[in-house]
Amino acid sequence: MTAQPDLDRLIPRARTGSVKWEYREGAVGHGSTLVPAEDPDVIPMWVADMDFPCPEVVVEAIRKRAEHPIFGYSMGLPSYREAFCDWVAARHGFRPDPDWVVPTEGIVPDLGLLVRTFLEPGQGVILHPPVYFPFFGAVRNNGARMHLCPLRREDGPDVDGPNPYRLDLERFEKLAAERGTRMTFLCTPQNPVGRVWTPGELTAFAGIAARHGLIVVADEIHGDLMLDGRRFTPWLSLDHRLGLRSVVCSAPSKTFNLAGLKSSCLVIPDEEMRAAYRHARDHTGVYGVNPLSAAAAEAAWRGGGPWLDRVLAYLSENARTLQRFFSERPELKVGTVPVEATYLAWLDFRRTGIAAEALEDFLLDKARLRLENGAIFGEEGRGFARMNLACPRPLLTEALGRLETALSSTE
Ligand SMILES: Cc1ncc(COP(=O)(O)O)c(C=O)c1O
């Protein structure tokens, strides 16, 4: 048996080209420019990748493939699709058909391509913010109209209560009924608020989409990252029964920390839709897969389960550490919501007295932390920040300590 890595140990990532550790946003808007980050003292907890080594089976598979010294154009192997479908079946109890699976280099470029493929210019896409920020660009930059259906909060009296975020199904139905509304993006589980949608919520959402003929793009990239043993409901396990038109976005990248390998996939059950997407993709000139990435993905799906179970237990404890930290220090006035899935915590600074516009600089200059500014996830995220918890616990503890010191000296 391979020795398990020590997740408490920080592996330096300097000089690996890491976006999270070696770069920061430039001045010209989010995502458009990255410039080298000059200050090595800042703890980076922004970009969503993990500071843990990926499963050893993945490294071995890349090594093995590299022993064949020809890296010509590749379409991957049929076993890639089988491995993905077997993984989803074993993990979540629903097996997609391997024919539905289309490997791609990344979900983000695909979101825009899906809009261009299935919408006429000016038709509408419904988004549910606060949400993963590239959703906005995928709609705006591809000629579609954006309809916002913000998540609602149902906060109970208990500060340590359940995750309060809910889909606004009433507003969703109204927007879905408008002429020209054609598509919705659903982030499931939700980034940044960490909610796992229940089968009931998903069924109600699917019912509305079916009634109004919407195409649902269900982004399940965080679907394997269920904390504290929660169950994930794959969108297609519902869609299948309702005869919906859906595209599911998936990848081994978040699950096994392989984002740099650029190996994602779309699952498109409807044959005509799949053909339309492939056609649109041909027009971009992109085809084929990176053979090292395909080998890595397949190995992860086939043999990464025990690694993932261990990482999920560690992440669940990191999430509890964060929750405990703030509930034991109410004087800091930082609100949290339980992280049900993903490794991203959604922190509410609105009661701290720090202006939303000043929050990012405060965190950087006073706490020496680079978090993701909540405002990039939509207007609803102003005054919030997203903290990436996929790091060794000693680093998390250090970050929380820095935050406490900085917040305690703001009076
Ligand atoms: C919801 C969601 N979708 C997609 C991505 C990125 O996907 P890809 O790297 O395949 O473009 C992320 C990364 O954080 C994400 O959180």
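**Exercise 1. Identify the residues through which helices α3 and α11 meet, and describe the geometry of the pair.**

*Solution.* Step 1. From α3, the residues Ser-79, Tyr-80, Ala-83, Phe-84 and Trp-87 meet Ala-294, Ala-297, Glu-298, Trp-301 and Arg-302 of α11. By class, this contact of α3 with α11 holds seven nonpolar, one polar and two charged residues. The model is a predicted one.

Step 2. Helix α3 covers residues 78-92 and helix α11 covers residues 291-303; the axes lie 9 Å apart and the packing angle is about 30°. Angles under 35 degrees count as roughly parallel. Therefore α3 is roughly parallel to α11.

Step 3. The crossing in which α3 passes α11 is left-handed.

**Exercise 2. Determine how α2 and α11 cross, and which residues make up their contact.**

*Solution.* Step 1. Helix α2 consists of residues 56-66; its axis and that of α11 come within 8 Å and cross at roughly 145°. The handedness of the crossing of α2 and α11 is right-handed.

Step 2. On the α2 side stand Val-57, Val-58, Ala-61, Ile-62, Arg-65 and Ala-66. On the α11 side they meet Pro-291, Leu-292, Ala-295, Ala-296, Ala-299, Ala-300 and Gly-303.

Step 3. Sorted by class, the contact of α2 with α11 has eleven nonpolar residues, one polar residue and one charged residue.

**Exercise 3. State how the chain is divided into domains, and characterise the side of domain 1 that touches domain 2.**

*Solution.* Step 1. Domain 1 is made of 19-53 + 306-408, and domain 2 of 58-303. Their C-alpha centres are 24 Å apart.

Step 2. Domain 1 gives 27 residues to the contact, and domain 2 gives 30 residues.

Step 3. On the side of domain 1 that touches domain 2, the elements giving two or more residues are α12 (305-327) and β13 (344-348). Helix α12 supplies the largest share of that side, namely six residues.

Step 4. The class division of this side of domain 1 is 16 nonpolar, seven polar and four charged residues.

**Exercise 4. Give the strand order of the open sheet of seven strands, and explain why β4 and β6 each have one side without a neighbour in the sheet.**

*Solution.* Step 1. The order is β4-β12-β11-β10-β9-β5-β6, and the pairing is mixed.

Step 2. The edges are occupied by β4 (101-104) and β6 (145-148); each has a single partner strand, so one side of each lacks a neighbour in the sheet.

Step 3. On average, and with direction ignored, neighbouring strands of this sheet are turned by 20° against each other.

Step 4. At the β6 edge, β5 (residues 124-127) pairs with β6 in the parallel sense over four bridges. Gly-124 stands opposite Arg-145 in β6.

Step 5. Helix α6, residues 169-177, lies across β5, β6 and β9 (181-187) and runs at about 175° to β5.

**Exercise 5. Describe the open sheet of three strands and the pairing of β15 with β16.**

*Solution.* Step 1. The strands follow the order β13-β16-β15 with antiparallel pairing. Strands β13 and β15 (372-373) are the edge strands, each pairing on one side only.

Step 2. Two bridges join β15 and β16 (residues 384-388) in the antiparallel sense. Asn-373 stands opposite Ala-385 in β16.

**Exercise 6. Describe how α12 packs with α14.**

*Solution.* Step 1. Helix α14 spans residues 393-408; α12 and α14 pack at about 20°, with their axes 11 Å apart. This angle makes α12 roughly parallel to α14.

Step 2. The crossing of α12 past α14 is right-handed. Asn-318, Thr-321, Leu-322 and Phe-325 of α12 make the contact with Arg-393, Leu-396 and Leu-400 of α14.

Step 3. The class count for the contact of α12 with α14 is four nonpolar, two polar and one charged.

**Exercise 7. Locate the cis peptide bonds that end at Pro-130 and Pro-192, and the positive phi of Thr-342.**

*Solution.* Step 1. Pro-129 and Pro-130 are joined by a cis peptide bond with omega of about 0°. Pro-130 is placed in the loop between β5 and α5 (134-140).

Step 2. From Asn-191 to Pro-192 the peptide bond is cis, with omega near 20°. Pro-192 belongs to the loop between β9 and α7 (199-211).

Step 3. Thr-342, a residue other than glycine, has a positive phi near 75°. The loop between α12 and β13 holds Thr-342.

Notes. Residues numbered from 1 in each chain as written. Predicted model: local features only at pLDDT ≥ 70, side-chain atom pairs only at ≥ 80, totals over all residues. Axes fitted to C-alpha atoms, helices over the stretch in contact; angles between N-to-C directions. Parallel < 35°, antiparallel > 145°, perpendicular 65-115°, else oblique. Left-handed = near helix turned anticlockwise from the far one by under 90°. Contact = placed C-beta atoms within 7 Å. Nonpolar A, V, L, I, M, F, W, Y, C, P; charged D, E, K, R; others polar. Domains from an automatic or database assignment. Pairing = 2+ DSSP bridges.
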